[in-house]
Amino acid sequence: MHIAEGFLPPVHAVAWTIAAAPFVVHGARAVVRQIRDRPESRLLLAAAGAFTFVLSAIKLPSVTGSSSHPTGTGLGAVLFRPPVMAFLGTVVLLFQALLLGHGGLTTLGANAFSMAVVGPWVGYGAFRLTRRLGLLPAVFVAMMFADLATYCATSVQLALAFPDAQTGFVGSLAKFLSVFAITQIPLAVIEGLLGVVVFRVLVSVARPELTRLGVIRADRQERADV
């Protein structure tokens, strides 16, 4: 998912930065508002950011010659909604570019758009659509689809930047999706399962805060299910 430093043409790098900027600014305001209105949620915010940082820093070699990794943004989107993750995810990507050499500064906008904007929104949408199936299944689906959506968005970005000489954007998109899909689908499933485990831990230590955030409903049945 991390597009390397200098890999995108300058025009594309600037365009994706402009596209991501409003989401990141709105997310920064959402984080400030969250801390101001609920200062007790600061620890949970830090945990969501740390979870994303650690999970998305894991690079696994791909049989296609590329590499893959989880993203971790689905959990934060479930806990705090996507705008917050737009800011937290961008901060994570910035530190990874500076400290780990994952991604880059010129491609920060593109990476932020795919992992911190598209991933959380798709994951949260999947969470809301499957909420009636139960909280834990919905968390699983959110984590899985946030992961997959990030890689699909990155494939679109690369296909736009490097269209195929014969088949154009469509052919290039098919090639980039085929590079990622082989390893990313099972990795997304694993991330979903890990998200469920982590969420159950959070429930055991921070149930009142999750209830105040509206993640866990106050009715007895749901409180018993998790």
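Okay, let's start with how the axes work here: they are lines fitted to C-alpha atoms, for helices over the stretch in contact, and the angles run from 0 to 180 degrees between N-to-C directions. Helices are DSSP runs of H or I, at least four residues, numbered from the N terminus.

What you're looking at is a predicted model, where local features need pLDDT of at least 70 and side-chain atom pairs count only at pLDDT 80 or more, while totals for chains, interfaces and linings use all residues. Residues are numbered from 1 along each chain as its sequence is written, and side-chain values use heavy atoms, with hydrogens and water left out.

First up, α4 and α5. Their axes come within 9 Å and cross at roughly 145 degrees. The crossing of α4 past α5 is right-handed, meaning the near helix is turned clockwise from the far one by less than a right angle. On the α4 side, the contact (heavy atoms within 4.5 Å) includes Pro 82, Ala 86 and Leu 93, and on the α5 side Leu 108, Val 117 and Trp 121 are among the residues. By class we get 15 nonpolar, three polar and no charged residues. Nonpolar here covers Ala, Val, Leu, Ile, Met, Phe, Trp, Tyr, Cys and Pro; charged is Asp, Glu, Lys and Arg; the others, Gly among them, are polar.

Now α3, residues 73–80, against α5, residues 108–129: these axes come within 8 Å and cross at roughly 60 degrees. That makes the pair oblique, the class left over once you take out under 35 degrees as roughly parallel, over 145 as roughly antiparallel and 65 to 115 as roughly perpendicular. The contact uses Thr 73, Ala 77 and Val 78 of α3, and from α5 Met 115, Gly 119, Pro 120, Tyr 124 and Phe 127. Six of those residues are nonpolar, two are polar and none is charged.

So where does Arg 81 sit? In the loop between α3 and α4. Its phi is near 80 degrees, positive in a residue that isn't glycine. Arg 81 is partly exposed because its relative accessibility is 29%, between the buried limit of under 20% and the exposed one of over 50% (1.4 Å probe, protein chains only).

Last, the inside. The largest nonpolar core, that is, buried Ala, Val, Leu, Ile, Met, Phe, Trp, Tyr and Cys residues joined through side-chain atoms within 4.5 Å, has 31 residues, and Leu 79 and Phe 127 are among those with the most contacts inside it. Its largest share, six residues, comes from α6.

How values were computed
Helices (H or I, at least four residues) and strands (E, at least two) are DSSP runs, numbered from the N terminus.
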